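I opened a fresh page today to look through one structure, starting with its helices and ending with its core.

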Amino acid sequence: METAIDYEHLAQYTGGDAALEAEIFSLFQNQIESWLRVLEPDSADEDWAAASHSLKGSAKGVGANHLAEVCARAEKLVGEAGDPAGREVARNRILDAVNTVNDEIARQDYRRTVSDLRSAS
């Protein structure tokens with residue numbers, strides 16, 4: 001089953017270090033929150049472009065490939081500020097992908113916690 005995060009890709013940067021992975025996820029989630037505040041259907045083109053591009057890059061960095069793809073499609077909507085309906089659809093797709101990634105991060109955190117508890121006993 002494919003997960004929302006490519007852990008093999010992420011391990012290239014973390015070397016499998018669980019604490020580093022958790023820190024990267026925390027930073028990633030903070031970036032998501034910041035950029036989603038800017039990514040509104042009626043945002044100026046430069047704001048839309050910066051938010052969608054930055055989210056795409058951050059998603060690629062952690063291996064959230066589907067989210068990166070959705071952001072890449074949204075990035076192409078620059079110049080379409082007159083089409084807020086199209087941007088609204090793109091934003092909703094990003095939000096769905098973000099929720100899927102956040103759910104996967106929560107599952108990974110739970111797995112890590114359970115593993116740590118088992119190791120401690």
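Before anything else I wrote down what a helix is here: a DSSP run of H or I with at least four residues, numbered from the N terminus. I also noted that the model is a predicted one.

Entry one, the end of α3. I looked up the residue that follows α3 and found G63, whose phi is positive, near 85°. I then turned to the helix itself, which has 18 residues and reaches 26 Å from its first C-alpha to its last, close to the 26 Å expected at 1.5 Å a residue.

Entry two, the inner face of α3. I listed its buried residues, which are W48, A51, S52, L55, K56, S58, A59 and V62, and I saw that they pack against α1, α2, α4 and α5.

Entry three, the two ends of α1. At the start of this helix, which covers residues 7–14, I found a side-chain oxygen of D6 within 3.1 Å of the backbone nitrogen of E8. Just after α1, I noted that G15 takes a positive phi of about 60°.

Entry four, the core. In soluble globular proteins, nonpolar side chains tend to be buried together. I looked for the largest nonpolar core and found that it holds 26 residues, of which F28, L36, L39, L55, L67, I94 and V101 touch the most other members. I traced at least two of the core residues to each of α2 (18–38), α3 (45–62), α4 (65–75) and α5 (84–120), and α5 gives the most, with 6 residues.

Entry five, one residue followed up. Which residues does L67 touch, if those up to four places away in sequence are not counted? I found F28, A59, I94, A97, V98 and V101.

Terms used:
Residues numbered from 1 in each chain as written. Predicted model: local features only at pLDDT ≥ 70, side-chain atom pairs only at ≥ 80, totals over all residues. Heavy atoms only, no water. Core = buried A, V, L, I, M, F, W, Y, C linked by side-chain atoms within 4.5 Å. Buried < 20%, exposed > 50% of the residue type's maximum accessible area, 1.4 Å probe, protein only. Contact = heavy atoms within 4.5 Å. Polar contact = N/O pair within 3.5 Å; in protein donor to acceptor, adjacent residues only side chain to side chain. Expected span 1.5 Å × (residues − 1).
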